[in-house]
2 protein chains.
Amino acid sequence: MPPAAPSRRLAPSKEIDSGPDPFAGDGRSHTSPAVDVRVVFFTLVGGRLVVALGSGEEGAPSLPRGWPAAEESLDVAARRIARDQIGLTDRYLEQLYTFSVGDDGEWTVVITYVGLVGPDAPVGSAPGITWVPLHPRVVCSEIDSRVIEYARTRLQAKLGYTTIALYLLPAAFTFRHLQSIYETILDQPLDKRNFRRRFLATGMLERTDQVSREGSHRPAALYRFRPTDDHERYLTPAWDEERP
Amino acid sequence: MPPAAPSRRLAPSKEIDSGPDPFAGDGRSHTSPAVDVRVVFFTLVGGRLVVALGSGEEGAPSLPRGWPAAEESLDVAARRIARDQIGLTDRYLEQLYTFSVGDDGEWTVVITYVGLVGPDAPVGSAPGITWVPLHPRVVCSEIDSRVIEYARTRLQAKLGYTTIALYLLPAAFTFRHLQSIYETILDQPLDKRNFRRRFLATGMLERTDQVSREGSHRPAALYRFRPTDDHERYLTPAWDEERP
DNA sequence: CCAAAAGTGTTGCTCGTACACCCATGA
DNA sequence: TCATGGGTGTACGAGCAACACTTTTGG
């Protein structure tokens, strides 16, 4: 790869380590970009993965977004956006990626989050939010579209080594339900017996004494996740949390 | 979990989806935080993992940092910082995490990167940069210290399912050398035969016809990585790349 | 010939996968 | 009694971990 031309030097490079001070130097009022936070919230509706979209500037669908309040932590800002715009109080939410967009003079650093909600949450009750299926295609901006696609990829990967599927389920659920979530997100069929065995082997599930009676067939036992919270968090640090 | 008190409303919450416009609303000149980019560069020196530190505001050691130039992409900014401050032109570099710090009125969004350099790079030639071992402790700010620790954790994890060790090695290396890198970073001894077999099984290595003669014992064959670049990149997208 | 690191195979176990039938229920 | 999904066990193969001795060189 070419060693990034030494020409264009918009930021002072002499300072080995001056603290960030974007208002110093040149005459411009700010060299600092805008900062916006966007959340990609998934849930499952009718066996399809759907994402929450609001309506953007000209009514075009776009990811719910906002900017952090003064000195507000990013995680808190993301949760606030989820609460105010989608109506979700507290669900799985994880930072995804940060990048900058800056073609048209609107220079913005975008911090993205992925979230998951289950059917117990009031999906559908937020005004201005529509939940749209990922297949065959989500119509939105190019950038939002790539963010959503990346979020889905990460979700898929993470399903392999965590139990975040928990967040897509109601408190009690059948094995069939659990399996269908994996099948939907991984987009491949799974063997019923192997799935059941492996999941039981983890010891994360607890069989309740209730059953699900629906349809003219044998009722299914309802399970729930054992209340050990060592799911989810894996590599993501707990920084930037809950600074009131 | 408590549903995040509805009190504190520092940012306007009425807007369902106004685009980011940090200069709107209140009378303050900017609600937008400063943005700074910090890089955590690791290498191995004498079998120890070391990190590149510059000297910060009051001469205290701190991670090399800077802020992105106007409309400069974050990845490009991180590479520029690595080049200008540490003297590394092009090495492994990956986004780590973004968080905000904002206690003292200095409100800053910090985007962190992890990088790796091998012994072929001019480590030690950059003025103002010192490479300090991670053990027993790195003396620097609390925040930088946590960033470094998280970077190390991620590096460890990633060593398991990628071949980023490649970036810590010279072009040709012995099996012992390769293994010692894994042992250093994972901080555990590995079985010589199993290690060799598994690594050979991946087909990523190529035996050269050269040997390493050092010490009064049998010379070791030198290997190199086969030039297939499907190492490293796994989940991290290629956004935000090389926008000149 | 001695020290010191390089190099090499086999075995048992664990885990994942493939696969087919009986069970309980409502209609 | 029939249709429908719920629930169960086994056998094979791949891959990983444990483990010790011979080889090649320099001094």
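This is a short tour of a predicted model, going from a helix to salt bridges and then to charged patches on the surface.

Residues are numbered from 1 along each chain as its sequence is written, and chains are lettered from A in the order in which they are written. Because the model is predicted, local features need pLDDT of at least 70 and side-chain atom pairs count only at pLDDT 80 or more, while totals for chains, interfaces and linings use all residues, and side-chain values use heavy atoms, with hydrogens and water left out.

Begin by selecting residues 74-86 of chain A, which form helix α1; helices here are DSSP runs of H or I with at least four residues, and strands are runs of E with at least two, numbered from the N terminus. Twelve of the 13 residues of α1(A) are buried, so this helix is largely enclosed by the rest of the structure. Buried means under 20% relative accessible area, exposed means over 50%, and partly exposed lies in between, with a 1.4 Å probe and protein chains only. Among the buried residues are A:Leu74, A:Val76, A:Ile81 and A:Ile86. Just after the helix, select A:Gly87, whose phi is positive, near 85°.

Next, select A:Asp144 and A:Arg65, whose side chains meet in a salt bridge at 2.7 Å, N to O. This pair links distant parts of the chain, since A:Asp144 is in helix α2 (residues 142-161) and A:Arg65 in strand β4 (residues 65-66), 79 residues apart. A salt bridge is a side-chain nitrogen of Lys or Arg within 4 Å of a carboxyl oxygen of Asp or Glu. Both A:Asp144 and A:Arg65 are buried.

Moving to chain B, select B:Glu206 and B:Arg226, which form a salt bridge at 3.0 Å, N to O. B:Glu206 lies in strand β8 (residues 205-212) and B:Arg226 in the segment after β9 (220-225), so the pair ties together parts that are 20 residues apart in sequence.

Finally, turn to the surface of chain A and select A:Glu57, A:Glu58, A:Asp103, A:Asp104 and A:Glu106, which form a negative patch. Patches of this kind are made of residues with over 30% relative accessible area and no salt bridge, like charges being joined within 9 Å. Within the patch, A:Asp103 is in the loop between β5 (92-101) and β6 (108-116), and A:Asp103 is exposed, with a relative accessible area of 64%. A positive patch includes A:Arg176, A:Lys192 and A:Arg196, and the largest share of that patch, five residues, comes from helix α4 (residues 192-201).

Definitions and conventions
Patches are made of residues with over 30% relative accessible area and no salt bridge: like charges are joined within 9 Å, nonpolar side chains (Val, Leu, Ile, Met, Phe, Trp, Tyr) within 5 Å. Accessible areas come from the Shrake-Rupley method with a 1.4 Å probe; for residues, only the protein chains shown count as cover. Lys and Arg count as positive and Asp and Glu as negative; His and the chain ends are not counted. The place of a charge is taken as NZ of Lys, CZ of Arg, CG of Asp or CD of Glu. The expected span of a helix is 1.5 Å times one less than its number of residues.
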